[in-house]
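Me: Could you take a close look at one part of this model for me, the place where protein and DNA meet? I'd like the contacts explained in plain words.

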2 protein chains.
Amino acid sequence: MSLPDSPSPHTPDAADSPVSRREQIYLVAGRLFSERGYHATSMRDLAAELGIQGGSLYAHISGKEQLLIEIVNRAAAQFDAALFSLRDEALGPQDKLREAMTRHLTVIAENMDSATVFFHEWKHLSAEPLAAVIAWRDGIEAFYRELVREGVQEGVYRADLNVKMAANLVLSSVNWAYTWYRPGGPMSPQDVAVSFERMLLGGLERPEGEA
Amino acid sequence: MSLPDSPSPHTPDAADSPVSRREQIYLVAGRLFSERGYHATSMRDLAAELGIQGGSLYAHISGKEQLLIEIVNRAAAQFDAALFSLRDEALGPQDKLREAMTRHLTVIAENMDSATVFFHEWKHLSAEPLAAVIAWRDGIEAFYRELVREGVQEGVYRADLNVKMAANLVLSSVNWAYTWYRPGGPMSPQDVAVSFERMLLGGLERPEGEA
DNA sequence: CCTACCGATCGGTAGG
DNA sequence: CCTACCGATCGGTAGG
């Protein structure tokens, strides 16, 4: 047994690799940050949840803010991966919007913790990562405005639409989901997207001349 | 000059009554909590902003959580006052919905700080005030569902509407405003409400058979 | 409203 | 991964 002396004496089961331990820390941090908030979660809270001492965390991570940065950046990356690939797909404006909303909601639904941290705690980042998040947000808004503009130009949306406000409305509907959506409930993210999209595109009002 | 010895020697200008000082504390606390978050704002930060020492705050207020409770409760009371009076007004469903959205957005727009604290920091309340906020939220949701149900029953909204999801969509659009609305910008809360309400009721799609 | 102070807890480090 | 510790800061109080 000539293991290098890195894992040290007190390693518990020798089952967890350092990598997965690191991931485990991010996972639990995401949950705690989402439940209690970033500043109300102490490194000792986090360590206790993992069954280790506070100082031991620093063998795996460099500091508390690194946790927040990583969680926020990963969430942003997931939105990007889900949404931006849509740009080149050959879909009509409505299908594209519905698909964007479905993917947007799915990212939130499958990552409720990180999504909550993302929307709630990004303000606590320091200057550089903060600027990155703001740039990300601007990019997403531009993406949705583009989807709306396409629909207007192709004549399928009302010509007098305020593109910015329409994109705003769509974004409101999907972003706010992190406050109420519960995975495992009766509706899948797709169900929510279809429901929202029908109401947004067709309107709540009964069309003239229908029974 | 036989004033009671309460205001103490160091009173600065003798212009501020104890009441307005208290209000001033709530006002600044609202701003700081909204900018930095509840837990990232220290009582010393707050005191410094007011030009006094940390301990001096406790001559006016009982504790940090009282500040949060008060800010949150006042915000809830403003929403209640603005919205629930609408129940008895003789308006058609669409007018009622538009008016509700306008008032809802106006409360947010005129109290951006408290609204932000309200939506962002309520989770940090202790059990009793927390339960009150949750009850409040349920009441507001019920209110909007009622507005939607009225419209369906009177036949002005689509008969196949999912009432819960429709109310959800409306609430998303107005609540999310605290993240993007900027008072003093080009749009009044009323402008936003009218814009959102047109899109929500009439839909984004161009009606069949229109130019 | 201030000075001076309290115990508790914070993020993080040294050395093993 | 632990023990033991660091300086800093927290919310809050006593006494004036």
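Reply: Let's start with DNA strand C: there are 15 residues around the strand, and Arg44(A), Tyr58(A), Gln53(B), Ser56(B) and His60(B) come nearest. (A residue is near a strand if one of its heavy atoms lies within 4 Å of it.) Of the atoms of DNA strand C that come within 4 Å of the protein, sugar and phosphate account for 62%.

A quick word on where this comes from: it's a predicted model, so local features need pLDDT of at least 70 and side-chain atom pairs count only at pLDDT 80 or more, while totals for chains, interfaces and linings use all residues. Residues are numbered from 1 along each chain as its sequence is written, chains are lettered from A and ligands numbered from 1 in the order in which they are written, and side-chain values use heavy atoms, with hydrogens and water left out.

Now for single contacts on strand C. The side chain of Arg44(A) has an N or O atom 2.7 Å from a base nitrogen of DNA strand C. The phosphates get attention too: a backbone N or O atom of Met43(A) sits 2.8 Å from a phosphate oxygen of DNA strand C, and a polar side-chain atom of His60(B) is 3.2 Å from a phosphate oxygen of that strand.

Over to DNA strand D. Here the nearest of 15 residues are Gln53(A), Ser56(A), His60(A), Arg44(B) and Tyr58(B), and sugar and phosphate again make up 62% of the DNA strand D atoms within 4 Å of the protein. Ser56(A) puts a polar side-chain atom 2.6 Å from a phosphate oxygen of DNA strand D, and for an N or O atom in the side chain of His60(A) the distance to a phosphate oxygen is 3.3 Å.

Definitions and conventions. A polar contact is a pair of N or O atoms within 3.5 Å; within protein, one must be able to donate a hydrogen and the other to accept it, and residues adjacent in sequence count only if both atoms are side-chain atoms.
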